[in-house]
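Biologist: Could you take a close look at the shell around the ligand and set it in the context of the whole chain? Please keep to what can be computed from the coordinates.

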Amino acid sequence: MNTPPPSFRDITVAERVAATGIDEAMIEALVRTFYGKIREDAVLGPVFGAAITDWEPHLRKMMDFWSSVALLTERYDGRPLPVHVRLDIGAEHFDRWLGLFTETAAEVCTPAAARFFTDRAHSIANSFRMGIGVVKGDRAAG
Ligand code: HEM
């Protein structure tokens, strides 16, 4: 049998991995270190503490999420916006989340990978803020 030609997806992922060094071990370190900080945080700790009792499944889900974003593995197929619409969160939570995420990415990733994750986090956070603003008025967008 002939080997199929590499798909657009294979090429995209191969180029991203070559440019950034992102792999599953880096994603695991990012997720575990980030949520370790979140749990200790005065602003975000209580929000997560109220929603999550069993942390390991949440961490696994977030590894699947970032693996799907960065390596296009399609392991995450949830719908995160409704989850965040249900939470009582506003601009202060998003700013803190992004601050801690950026700090963690700089600590555990290569600089190019940190740029990639931080860029994606900002655009996803913006889409959540807009989505929450549409549903609830503009507290989260402010
Ligand atoms: C204000 C900032 C944020 C807060 C307070 C927050 C909080 C939470 C909480 C508490 C959960 C778990 C909900 C549950 O299982 O009941 C969750 C799930 C999740 N969060 Fe966030 N989050 C924030 C921002 C973000 C951002 C910026 C991203 C993406 C870059 C993100 C991605 C996700 C995903 C993928 C899930 C899993 C949703 C699912 O169950 O399929 N979150 N978040």
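Modeller: What follows describes the surroundings of the ligand and then a helix pair in the same protein. The model is a predicted one, and the ligand in it is surrounded by 20 residues, of which A51, G78, H93, W97 and I124 are the closest. By class, the residues of this shell divide into 16 nonpolar, 3 polar and 1 charged. Several helices share in building the shell, since at least two residues each come from helix 3 (45–51), helix 4 (55–71), helix 5 (80–86), helix 6 (91–108) and helix 7 (111–136), and among the contributors helix 7 gives the most, with 4 residues.

As for the wider setting, the protein has 7 helices and 0 strands, and its C-alpha trace spans about 55 × 30 × 30 Å along the principal axes. Of the 142 residues in the protein, 16% are buried, while 71% of the contacts between residues at least 6 apart in sequence join residues at least 24 apart.

Helix 4, which supplies at least two residues of the shell, also packs against helix 2 (residues 24–40), at an angle of about 130 degrees and with the two axes 9 Å apart. The two helices are therefore oblique to each other, and their crossing is right-handed. On the helix 2 side the contact is made by E24, I27, E28, L30, V31, R32 and Y35, and on the helix 4 side by L59, M62, M63, W66, S67 and A70. Sorted by class, this contact has 9 nonpolar, 1 polar and 3 charged residues.

Definitions and conventions:
Residues numbered from 1 in each chain as written. Predicted model: local features only at pLDDT ≥ 70, side-chain atom pairs only at ≥ 80, totals over all residues. Near = placed C-beta within 6 Å. Nonpolar A, V, L, I, M, F, W, Y, C, P; charged D, E, K, R; others polar. Axes fitted to C-alpha atoms, helices over the stretch in contact; angles between N-to-C directions. Parallel < 35°, antiparallel > 145°, perpendicular 65-115°, else oblique. Left-handed = near helix turned anticlockwise from the far one by under 90°. Contact = placed C-beta atoms within 7 Å. Buried ≥ 20, exposed ≤ 12 C-beta atoms within 10 Å, placed from the backbone.
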